[in-house]
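The following exercises are to be worked through with the sequence and the structure at hand. Each task is followed by a solution in steps.

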Amino acid sequence: MVAVDQKELAALKEAVRTHLSEHRYEHCLRVSDYAVKLAKQNGLDEKQAAVAGLVHDYAKERTAAEFLAKIDEKHLPTSLKKWGNPIWHGVVGAEFVHDELKIDDPAILEAIRLHTTGAGHHDMTTLDKVVFMADYLETGRHFPGVEEARRITDESLNQGVFYQLAHTLSYLAGKEHVIYPKTFDAYNDWAEYLSK
Ligand code: GDP
Ligand code: FE
Ligand code: FE
C-alpha cells in the first residue's frame with residue numbers, strides 16, 4: 001500500500017471495523033490485500049484497490065429498513081426494493097459508503113455497486129474486475145475450485161471474471177435461488193465476448 005496514505009487508510013479501517021462483525025471486517029481486510037495484489041498484476045492504482053476492497057462490504061450488516069430508506073432517499077429505482085441484502089449491500093451499499101465514509105471517487109463507488117453481480121465486459125473497469133475477483137479469491141475463501149480460480153485469474157483477469165460468473169450462477173441455480181437479472185446479463189455478455 002502507498003505509505004503516504006497509511007493514516008487515511010487506518011481511519012477508514014476503524015470506521016469499517018465499527019460497522020461490521022469481526023469475521024466480516026477481517027474478510028474486508030483480506031479483500032483489500034488481495035485487491036492490491038491483483039492491482040499490481042494488472043497495472044492498476046494500488047491505493048484505489050486497497051480502499052475499494054476495504055469498504056466493499058461496508059453496508060452488509062444494515063437492516064432491510066435501512067436499505068429501503070436509502071433507496072427512497074437516493075431516488076434509486078423502486079424495482080430494487082423486491083431484492084434483499086445480497087443485492088442491496090453492493091448497489092445500495094455504495095450510497096452508505098459515499099454518505100458516511102465520505103468517499104466520492106466514482107470509480108470506487110461503482111466497484112462497490114458491481115462487486116456482487118459483476119456486469120458486462122464493457123461496463124467493468126479494471127478496478128471493478130479487481131474488486132469482484134478479490135472478494136471471490138481472498139485467502140479466507142476455501143470453496144472447491146478456489147485454487148483453480150486463483151490460477152486462472154493470475155493468468156487473465158477477464159477469464160477469472162467469467163469463471164466466477166459461471167460458477168456463481170450455477171451455484172445459485174443449484175440451490176434454486178432467485179437470480180438477479182443483471183447476473184444473467186453479465187454472464188451472457190462475457191460468454192459471448194470470450195467465446196472462441
Ligand atoms: P460477500 O458479500 O463477501 O458474502 O460476497 P458477495 O457480495 O459476492 O455475495 C453475496 C451473496 O450474494 C452470495 O451469497 C452470493 O452467492 C449471492 N449472489 C450473487 N449473485 C446473486 C444473484 O444474482 N442473486 C442472488 N439472489 N444472490 C446472488
Ligand atoms: Fe459483498
Ligand atoms: Fe465480500
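**Exercise 1.** Which polar backbone atom lies 3.0 Å from a nitrogen atom of ligand 1?

*Solution.* The model is a predicted one.
Step 1. The atom sought is a polar backbone atom of valine 178, 3.0 Å from a nitrogen atom of ligand 1.
Step 2. An oxygen atom of ligand 1 is likewise placed 3.0 Å from a polar backbone atom of tyrosine 180.
Step 3. With arginine 141 the partner is an N or O atom of the side chain, at 3.1 Å from an oxygen atom of ligand 1.
Step 4. On its own, ligand 1 exposes 580 Å², and the protein buries 79% of this area.

**Exercise 2.** Determine where ligand 1 sits and what surrounds it.

*Solution.*
Step 1. The largest pocket holds ligand 1.
Step 2. Two or more residues of the shell around ligand 1 come from helix H5 (85–91), and the same holds for helix H10 (157–174).
Step 3. There are 15 residues around ligand 1, and those that come nearest are Lys60, His115, Thr116, Val178 and Thr183.
Step 4. Histidine 115 belongs to the loop between helix H7 (106–114) and H8.
Step 5. Residues under 20% relative accessible area count as buried. Histidine 115 has 1%, and is therefore buried.
Step 6. The side chains of histidine 115 and threonine 116 are joined by a polar contact of 3.3 Å.

**Exercise 3.** Which residues coordinate the iron ion (ligand 3), and which residue bridges this ion and the iron ion (ligand 2)?

*Solution.*
Step 1. The coordinating atoms belong to His27 (NE2), His56 (NE2), Asp57 (OD) and Asp135 (OD), at 2.2 Å from the iron ion (ligand 3).
Step 2. Read along the chain, these donors have the spacing H-x28-H-D-x77-D.
Step 3. The bridge between the iron ion (ligand 3) and the iron ion (ligand 2) is aspartate 57, and the two ions lie 3.5 Å apart.
Step 4. Aspartate 57 is in the loop between helix H3 (46–55) and helix H4 (64–73), whereas aspartate 135 is in helix H8 (residues 126–137), so the pair ties together parts 78 residues apart in sequence.
Step 5. Both aspartate 57 and aspartate 135 are buried.

**Exercise 4.** Is tyrosine 58 buried or exposed, and how many residues separate tyrosine 58 from histidine 89 in sequence?

*Solution.*
Step 1. Tyrosine 58 is located in the loop between H3 and H4.
Step 2. Its relative accessibility is 1%, so tyrosine 58 counts as buried.
Step 3. Tyrosine 58 and histidine 89 are 31 residues apart in sequence, while their C-alpha atoms are 7.9 Å apart in space.

Conventions: Residues numbered from 1 in each chain as written. Chains lettered and ligands numbered in written order. Predicted model: local features only at pLDDT ≥ 70, side-chain atom pairs only at ≥ 80, totals over all residues. Heavy atoms only, no water. Donors = N, O, S within 2.8 Å, 3.2 Å for Na, K, Ca; no water. Helix = DSSP H or I, 4+ residues; strand = E, 2+ residues; numbered from the N terminus. Buried < 20%, exposed > 50% of the residue type's maximum accessible area, 1.4 Å probe, protein only. Near = heavy atom within 4 Å. Polar contact = N/O pair within 3.5 Å; in protein donor to acceptor, adjacent residues only side chain to side chain. Areas by Shrake-Rupley, 256 points an atom, 1.4 Å probe, with all protein chains shown as cover. 1 Å grid on protein atoms, 1.4 Å probe; cavity = no way out; pocket = protein on both sides within 12 Å on 5 of 7 lines; lining within 4 Å. Sits in = over half its atoms within 2 Å of the grid points.
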